[in-house]
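Welcome, and please load the model in your viewer. We will go from stop to stop, selecting as we go.

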Amino acid sequence: MRYVSTRGDATERRFCDILLEGLAPDGGLYMPVHYPQVDEATLARWRDLSYPELACAILSRYIDDIAPEDLRQLCARAYTAERFGGDARIAPLRPLQGRLHVLGLSNGPTLAFKDMAMQLLGQLFEYELARRGERLNILGATSGDTGSAAEYAMRGKRGIQVFMISPDGRMSPFQQAQMFSLQDPNIFNIAMQGVFDDCQDVVKAVSADLPFKRRHAIGTVNSINWARLLAQVVYYFAGYFQATQRNDETVSFCVPSGNFGNVCAGHVARMMGLPIKQLVVATNENNVLHEFFQTGVYRPRSSAETQETSSPSMDISKASNFERFVFDLVQRDTQQVATWFGPTLARDGAFALDTPEALRRVHEVFGFVSGSSSHAQRLRTIAWVHQACGQMIDPHTADGVWVAQSLPDTPEPMIVLETALPIKFAATLQEALGQAPTRPAALEGIEDRPKRVQRMAHDVQQVKAYIEAHAA
Ligand SMILES: *Cc1c(COP(=O)(O)O)cnc(C)c1O
């Protein structure tokens, strides 16, 4: 398999060439030159595989520069029952009500679905760095979920150090405890004065110093990484197999969405031939994506226009993986993609599909549907699921359930992806139910553990000096 850029750089790269990279040199995102097709016989074979075996089977269609036996071992190490809440299914499906089901993607070490991809990324990074005899210093900014998933994936990995900047005092006590209680010598938490955007600015400033970046092999683990997306394709297959008996049945998925990474993996699974009827994009009040799927206009927001909501991991102003879908929508017309995401967005702040026919294709050919949820609807959904189904769901998953159950009823199973466990957002659960969610035993008292964190002013030089002193 070879990979090319969505914006026209046609230099063909192999998987391990793009594994440690972010954007393509022309500013586009990497995509496979084609989608490997999965036929009926293959689906039948895959139905009985364990999660790590299924992961290996899917990944090997996209990765031909890692020996099959090595890839098998990396998948086996990433997806153990021990690391995913003691359940060997890794992503267990549970019924909610009627055709609604929930796919549990949040049983990993940080209790959010980002572990599903990040745990594999940790294995792949360590493997490839060792093979090249290189090292990597991962620098990132986080407001919660991504940073902790990255730290838990990279802890103890050879050749990798993680420097994660978070806004001092602005994460929940539970999120702070999750990150700051890690005692691994290769994990460095920096709590910085300011808000998330200030942290992000410092990361950008450090990365813009190219000699510094090169000298210290600075990299990232952001959501546009192709390997992360690929790892997420696996659980669409796993969810399908659990919800169906036979391979001529269809299912739909409803995906709480922010950066369009999660649901883009569903798009890839569907393009490979997995029988997915609809892909439902669920947003919160920050409904950039819902607006596109309703009107055909993509209009990213400024950070001033981005609301702080009670499903904060979906509070995004632009959907950084969306370009991948647009690439397929315009039948891989890289000129069109480069124009829309380059000059058109810069000039007009938006672009629009040019014909009603194009918007019809979004729905009918690609199966996309969308909806959005508000704070009140989120709370009502949490309460309804608790009352009617005896389960607690987190506010992001609630956005998904709300949107899924407000669509016209169709016969196929509707699988809502559970993107976090309720304990991560205890205050909202308390507001919705008048009671706090129960906590996994392993996390009792996590707030009282010793913390390993460096407090710092909003100062690029200080961060650079700190990296200089501690880099791998
Ligand atoms: C990251 C995240 C999302 C959004 O996922 P995208 O891939 O950015 O669309 C939704 N819910 C939770 C809990 C998350 O951490």
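Start with the cysteines: the structure holds zero disulfides, a disulfide being a pair of cysteine sulfur atoms within 2.5 Å. Select cysteine 254 and cysteine 389: the sulfur of cysteine 254 has its closest cysteine sulfur in cysteine 389, 15 Å away, and that is too far for a bond. Cysteine 254 is buried at 0% relative accessibility, and cysteine 389 is buried as well, at 18% (buried is under 20% relative accessible area, exposed over 50%, partly exposed in between, with a 1.4 Å probe and protein chains only).

A word on what you are viewing: this is a predicted model, where local features need pLDDT of at least 70, side-chain atom pairs count only at pLDDT 80 or more, and totals for chains, interfaces and linings use all residues. Residues are numbered from 1 along each chain as its sequence is written, and side-chain values use heavy atoms, leaving out hydrogens and water.

Next, show the open sheet, whose five parallel strands run in the order β8-β5-β6-β7-β15. Strands (E, at least two residues) and helices (H or I, at least four) are DSSP runs numbered from the N terminus, and two strands pair if DSSP finds at least two bridges between them. Colour 218-219 and 454-456 to see the edge strands, β8 and β15, each pairing on one side only.

Now zoom in on β5 (136-141) and β6 (160-167), joined in parallel by six bridges. Here, glycine 140 stands opposite methionine 164 of β6.

Finally, add helix α6 (145-154), which packs on the sheet and touches β5, β6 and β7 (187-192); contact means heavy atoms within 4.5 Å. The direction of α6 makes about 160° with that of β6 (axes are lines fitted to C-alpha atoms, for helices over the stretch in contact, with angles from 0 to 180 degrees between N-to-C directions).
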